[in-house]
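Please open the model in your viewer and keep the sequence beside it, because each stop on this tour begins with something to select. The tour starts with a single residue and then widens step by step.

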Amino acid sequence: MSPDSAPAAQEPDVHASPPGLLALFLAFARMSLAGFGGVLVFARRAIVDQHRWMTADEFNETFALCHFLPGPNIVNLSMVFGSRLRGIAGGVAAFTGLLLPPTVIMTVLAIIYARFGDVEVLRRILAGISCAAVGLLIAVVFRMMTPLLKRMDLVVIVLMLGVFVAIGVLRLPLQAVLLVAIPVSIGVTYLMRRKVAA
């Protein structure tokens, strides 16, 4: 095997066949039912690792786009992802799969919580679930960073750390940071691609 063919063999086999509407609905329904404390972890695992409907880079790019749309990121992701594969009907199928099962479950749980919410055991269970949710979120952040770190692109890492420090440490407003970070990252990407093409 030649050195040139080695990286290609390691690439995931993506885009095999687009899922049907029922498959989209069921996939997002499973994500929402598994996603205690947040669906992002399970969405990435299903879309990238399990079904291979997207590469890790495509997922990161799509999720980044969803940050700039109004509304919850994972809901935006379901619409964008479903529409990308199956048009408007695919977006509606993914959106419905994501929201319908938890809505039914939460309605039932709200009725139960209204009656038994003062029980101490229930409060401890909810505290434990919140700790697990934080751990899952940290894990998916590291998984999403992997493609960026593999490239070892110093400029990309500096931009990523700059945004993290601005929002996470300095507590600057998200909108102000994005107004600066978006044009800078687009400009840097454009210059880097021109340099590679030249």
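Begin by selecting G97, which you will find in helix 5, and bear in mind from the start that the model you are looking at is a predicted one. Is G97 buried or exposed? Its relative accessible area is 0%, and because buried means under 20%, G97 counts as buried. Now show the neighbours of G97: leaving aside residues up to four places away in sequence, G97 touches F25, F28, A29 and S32. Of these neighbours, F28, A29 and S32 are buried residues of helix 2. Before moving on, draw a distance from the C-alpha atom of G97 to that of M31, and the viewer should give 8.7 Å for two residues that are 66 apart along the chain.

M31 is the next residue to select, and its place is in helix 2. With a relative accessibility of 2%, M31 counts as buried. Which residues does M31 touch, not counting those up to four places away in sequence? They are V39, F42, A43, A46 and I47. For one of them, A46, you can also draw the C-alpha to C-alpha distance, which is 7.6 Å for a pair separated by 15 residues in sequence.

From M31, extend the selection to the whole of helix 2, residues 21–34. How far apart are the end C-alpha atoms of helix 2? They lie 20 Å apart, which agrees with the 20 Å that its 14 residues should span at 1.5 Å a residue. Colour L24, A27, F28, A29, M31 and S32, since these are buried in helix 2. As you look at the coloured positions, remember that an α-helix has 3.6 residues a turn, so residues three or four places apart point the same way. If you then show what covers the buried residues of helix 2, you will find that the cover includes helix 3 (40–50) and helix 5 (73–116).

Next, zoom out to the whole protein, where the secondary structure comes to eight helices and zero strands. Of its 198 residues, 26% count as buried. Among the contacts between residues at least 6 apart in sequence, 57% join residues that are at least 24 apart.

The following stop is about charged side chains, for the structure holds two salt bridges. Select R44 and D49 for one of them, in which the closest N and O atoms are 3.6 Å apart. R44 counts as buried at 5% relative accessibility, whereas D49 counts as partly exposed at 31%. Then select R84 and E58, whose side chains meet in a salt bridge with an N to O distance of 3.7 Å. Because R84 lies in helix 5 and E58 in helix 4, this pair ties together parts that are 26 residues apart in sequence. R84 is partly exposed, with a relative accessible area of 46%, while E58, at 17%, counts as buried.

Now turn on a surface and look for the largest pocket, whose volume is about 2100 Å³. To find your way to it, select N60, A64, L148, V156 and M160, which are the closest to its centre of the 44 residues that line it. The elements that give two or more residues to this lining are helix 3, helix 4 (56–67), helix 6 (120–151), helix 7 (154–169) and helix 8 (174–197). Which helix gives the largest share of the lining? Helix 8 does, with eleven residues. If you colour the lining of the largest pocket by residue type, it divides into 30 nonpolar, nine polar and five charged residues.

End the tour in two loops, with the backbone shown. Most residues other than glycine have a negative phi. R52, in the loop between helix 3 and helix 4, has a positive phi of about 55° although it is not a glycine. R52 counts as partly exposed, at 35% relative accessibility. Finally, select R171 in the loop between helix 7 and helix 8, where phi is again positive, at about 60°, although R171 is not a glycine. R171 is exposed, with a relative accessible area of 65%.

How values were computed
Residues are numbered from 1 along each chain as its sequence is written. This is a predicted model: local features need pLDDT of at least 70, side-chain atom pairs count only at pLDDT 80 or more; totals for chains, interfaces and linings use all residues. Side-chain values use heavy atoms; hydrogens and water are left out. Helices (H or I, at least four residues) and strands (E, at least two) are DSSP runs, numbered from the N terminus. The expected span of a helix is 1.5 Å times one less than its number of residues. Buried means under 20% relative accessible area, exposed over 50%, partly exposed in between (1.4 Å probe, protein chains only). Contact means heavy atoms within 4.5 Å. On a 1 Å grid over the protein atoms alone, a cavity is a set of points where a 1.4 Å probe fits but cannot get out, and a pocket is an open set with protein on both sides within 12 Å along at least five of seven lines; lining residues have an atom within 4 Å of a point. Grid points are joined across faces, edges and corners, and a volume is the space filled by probe spheres set on the points. Ala, Val, Leu, Ile, Met, Phe, Trp, Tyr, Cys and Pro count as nonpolar, Asp, Glu, Lys and Arg as charged, and the others, Gly among them, as polar. A salt bridge is a side-chain nitrogen of Lys or Arg within 4 Å of a carboxyl oxygen of Asp or Glu.
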